[in-house]
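User: I am new to this structure and would like a close look at one part of it, followed by a walk through the elements around that part.

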Amino acid sequence: MNTRSFVTFKTILETGSFQKAANKLNYTQSTITFQIKQLEDELALKLFEKIGRKMVLTQAGRDILPYVDTILQGVEQIENYGKSLSEITGSLKIAIPDSILIYQMQPFIQAFLHEAPGVQLIIHSLQSGEVNQSVLNGTDDIGVNCEKFSYPESIVHKKLGTYNALLIAAPYTKSSLLDFITPNQRKPFSLICNEPDGYYQLDMDQYLAKKDIIVYPYMKVQSIEAVKQCVMNHLGMAVVPAYSVVNELKNGSLIQAKTELDEKIYHSVYLYHKNKWISPQMELAFELLKKYMGTDIE
């Protein structure tokens, strides 16, 4: 039994398939299949089963995953023993929604790459609702996210900065359509969003319901940039983090529609699994996150 098979096992889980794992590790798919078969024989366990056309992790595979993580973390500890940050190797995987990645994380990434040039920084841009699960199942080491209503007991979450959410519209929107204070209205457009289950989006839903302000069903798009472009083209309005539209509000390509939620404070957080070994690169990441995101985000 060798650690290469464990790396292959984890890579399959991270990439989602044997073929993608082979591509990432520069192996043939037959090599991946052989390594997993060899590992299954050595452990006397079935790790994957074929359901339809997909290879799916078995319960035994899920059960041994924490032990595999412990083994690989131990190897990394040994390899980096006594090394400075500039000398350490390995990887750091961070899960993050694209709004935070685009508008808040660039200084962090630059600083991290400077401090730990030998570490491969892997950024997974996920929907906000997927970040927690990615940390929970071990796909990512750290999650950076907008605050959620609740977290599993196995997830450690700590607050970083604060931000507001704004309702935005195209600059030539009729003034009557910008009124979201007066109750009992019917608005002839949709709210555009990329994450209908986002914390601030759910707050807006409740606010509109309480005010009896009715809009068309959501228009859902893929990213925060797509949201902004749709709003600029007068396809609807949107609730977005204030930090994502600073330039557009300044240059007049977007305008704000006032609501009674404008002053509400939300938090950004970072999170990690409580059983995760805190590697030197994770410690560095926590330090830099606090430095570059641990202030108000406005």
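User: Which residues line the largest cavity?

Analyst: The model is a predicted one, and what follows should be read with that in mind. The largest cavity is lined by P97, D98, S99, S128, C146, K148, N194, E195, G198, Y199, Y200 and I224. Sorted by class, this lining has five nonpolar, four polar and three charged residues. Two helices, helix 5 (98-103) and helix 8 (199-211), each supply at least two residues of the lining, and the volume enclosed is about 100 Å³.

This cavity belongs to a short list, since a search of the whole structure finds three cavities of 30 Å³ or more. The second largest cavity has a volume of about 50 Å³, and the residues that line it are I192, C193, N194, E195, Y200, Q201, I224, V227, V239 and V240. N194, E195, Y200 and I224 appear in the linings of both the largest cavity and the second largest cavity. In the lining of the second largest cavity there are seven nonpolar, two polar and one charged residues. Strand 8 (185-193), helix 8, helix 9 (224-232) and strand 10 (236-241) each supply at least two residues of that lining.

Helix 8, which contributes to the largest cavity and also to the second largest cavity, deserves a description of its own. Its 13 residues should span 18 Å at 1.5 Å a residue, and its end C-alpha atoms are 19 Å apart, which agrees. The buried residues of helix 8 are Y199, Y200, Q201, D203, M204, Y207, L208 and K211; of these, Y199 and Y200 are in the lining of the largest cavity, while Y200 and Q201 are in that of the second largest cavity. The buried residues of helix 8 pack against strand 6 (155-163), strand 7 (165-169), strand 8, strand 9 (213-220), strand 10 and strand 12 (266-273). After helix 8 comes D212, whose phi is positive, near 55°.

One of the residues lining the largest cavity, S128, falls within the span of helix 7 (residues 128-136), the helix in which S134 has its place. S134 counts as buried because its relative accessible area is 7%, which is under the 20% limit for that class. Leaving aside neighbours within four places in sequence, S134 is in contact with A95, L126, T139 and D140.

A second helix can be set beside helix 8 for a view of how burial is arranged. Helix 3 (residues 29-43) has 15 residues and reaches 21 Å from its first C-alpha to its last, close to the 21 Å expected at 1.5 Å a residue. The buried residues of helix 3 are I32, Q35, I36, L39 and E40. Seen down the axis of helix 3, these buried residues fall within an arc of 135°, so they line one face of the helix. On the other side of helix 3, S30, F34 and D41 are exposed, whereas the cover over the buried residues includes helix 1 (3-15), helix 2 (18-25) and strand 1 (48-51). Helix 3 is followed by A44, whose phi is positive, near 60°.

Finally, N26 is found in the loop between helix 2 and helix 3. N26 counts as exposed because its relative accessibility is 69%. The C-alpha atoms of N26 and Q77 are separated by 25 Å, and these two residues are 51 residues apart along the chain.

Key: Residues are numbered from 1 along each chain as its sequence is written. This is a predicted model: local features need pLDDT of at least 70, side-chain atom pairs count only at pLDDT 80 or more; totals for chains, interfaces and linings use all residues. Side-chain values use heavy atoms; hydrogens and water are left out. On a 1 Å grid over the protein atoms alone, a cavity is a set of points where a 1.4 Å probe fits but cannot get out, and a pocket is an open set with protein on both sides within 12 Å along at least five of seven lines; lining residues have an atom within 4 Å of a point. Grid points are joined across faces, edges and corners, and a volume is the space filled by probe spheres set on the points. Helices (H or I, at least four residues) and strands (E, at least two) are DSSP runs, numbered from the N terminus. Ala, Val, Leu, Ile, Met, Phe, Trp, Tyr, Cys and Pro count as nonpolar, Asp, Glu, Lys and Arg as charged, and the others, Gly among them, as polar. The expected span of a helix is 1.5 Å times one less than its number of residues. Buried means under 20% relative accessible area, exposed over 50%, partly exposed in between (1.4 Å probe, protein chains only). The arc is that of the directions from the helix axis to the C-beta atoms. Contact means heavy atoms within 4.5 Å.
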